[in-house]
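Here are my notes on the model you sent, set out as numbered points. Please read them alongside the coordinates.

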Amino acid sequence: MTDPVTLDGQGSIGEFDEKRAEAAVRELLLAVGEDPDREGLRETPGRVARAYKEIFAGLYQQPEDVLTTTFDLGHDEMVLVKDIEVFSTCEHHLVPFRGVAHVGYIPASTGKITGLSKLARLVDVYARRPQVQERLTTQIAESLMSILEPRGVIVVVECEHMCMSMRGIRKPGAKTLTSAVRGQLRDPATRAEAMSLIMAS
Ligand SMILES: Nc1nc2c(ncn2[C@@H]2O[C@H](COP(=O)(O)OP(=O)(O)OP(=O)(O)O)[C@@H](O)[C@H]2O)c(=O)[nH]1
Ligand SMILES: [Zn+2]
């Protein structure tokens, strides 16, 4: 395995250890009083390990891997992609949180823009890690700022956390909104314009 290297303060650039994950799931089943050798559970540790590999695939990716196609277009107005589906995993309880992300930016005057799908891929890179919503939001904003060097960025994320719905406080339907605003989008008028586009149905 590669030596651990910090990745935005999270995880490490290594490889997913499927055997270890499988053993841990088997152990967890034993801990809850289940029989991992019974018919229905026999394949479960392996299945869960493969599912985790997919759910945490973002630990083995960098934003540069997905923000690849950049065009020079000379477009100097805001580009906004709304309602990008978010599936992530709360790092406190390892249960899902899901919702949408809205990602907008004002390209650099040199016109460096990226493919629209790349913004959704960027959301996935950070969502597919053990996360908290605030960090997910700022990581998207900051990676866009450093890679595209735009004049401004706005990221708004709205999610429902299963750790608040299915357990603990049990408030299904409660939504958490987080935002990160950088550069010219901090200007109140520009920010208000972006927010009205985001909130419009
Ligand atoms: N700020 C923030 N908090 C989160 C996020 N996801 C989960 N949490 C919160 O993390 C907190 C963890 O609190 P703890 O008191 O350590 O854990 P707990 O006893 O399981 O807390 P309860 O959920 O209140 O039962 C809870 O209040 C969760 O609602 C997130 O993305 N951002
Ligand atoms: Zn949680």
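1. Which residue in S9 does Val153 stand opposite? In this predicted model, the partner of Val153 is Arg182 in S9. The two residues belong to a pairing in which S8 and S9 run in the antiparallel sense over 8 bridges.

2. The pairing just described is part of an open sheet of 5 strands, which follow one another in the order S7-S4-S5-S8-S9 with mixed pairing. At its edges lie strand S7 (130-131) and S9, each of which pairs on one side only. Helix H7, spanning residues 188-199, packs on this sheet and touches strand S4 (79-90), strand S5 (96-106), S8 and S9, with a direction that makes about 40° with that of S8.

3. On its other pairing, S8 joins S5 in the antiparallel sense over 10 bridges, and within that pair Gly99 stands opposite Cys159 in S8. Strands of a sheet pair through backbone hydrogen bonds, in either the parallel or the antiparallel sense. Is S8 buried or exposed? Of its 10 residues, 8 are buried, so S8 is largely enclosed by the rest of the structure.

4. Taken as a whole, the chain has 201 residues, of which 25% count as buried, and its secondary structure comes to 7 helices and 9 strands. The C-alpha trace spans about 60 × 40 × 25 Å along its principal axes. Where contacts link residues at least 6 apart in sequence, 68% of them join residues at least 24 apart.

5. As to annotation, an unreviewed UniProt entry lists residues 22-198 under "domain: GTP cyclohydrolase I". Over that range the chain is 39% helix and 28% strand, and the C-alpha atoms at its two ends are 42 Å apart.

6. What surrounds ligand 1? The shell is made up of Cys90, His92, Val132, Gln133, Glu134, His161, Cys163, Met164, Gly168 and Ile169. By residue class, these divide into 5 nonpolar, 4 polar and 1 charged, while H5 and H6 each supply at least two residues of the shell.

7. Two backbone positions deserve a separate remark. Glu149, which lies in the loop between helix H5 (133-148) and strand S8 (152-161), has a phi near 45°, a positive value in a residue other than glycine. As for its surroundings, Glu149 has 13 other C-beta atoms within 10 Å and is therefore partly exposed, given that a residue counts as exposed at 12 or fewer and as buried at 20 or more.

8. The second position is Arg170, found in the loop between helix H6 (162-165) and strand S9 (176-183). Although Arg170 is not a glycine, its phi is positive, at about 50°. Is Arg170 buried or exposed? With 9 other C-beta atoms within 10 Å, Arg170 is exposed.

Technical notes. Residues numbered from 1 in each chain as written. Chains lettered and ligands numbered in written order. Predicted model: local features only at pLDDT ≥ 70, side-chain atom pairs only at ≥ 80, totals over all residues. Helix = DSSP H or I, 4+ residues; strand = E, 2+ residues; numbered from the N terminus. Contact = placed C-beta atoms within 7 Å. UniProt positions renumbered as here; feature names shortened; annotations may be inferred. Pairing = 2+ DSSP bridges. Axes fitted to C-alpha atoms, helices over the stretch in contact; angles between N-to-C directions. Near = placed C-beta within 6 Å. Nonpolar A, V, L, I, M, F, W, Y, C, P; charged D, E, K, R; others polar.
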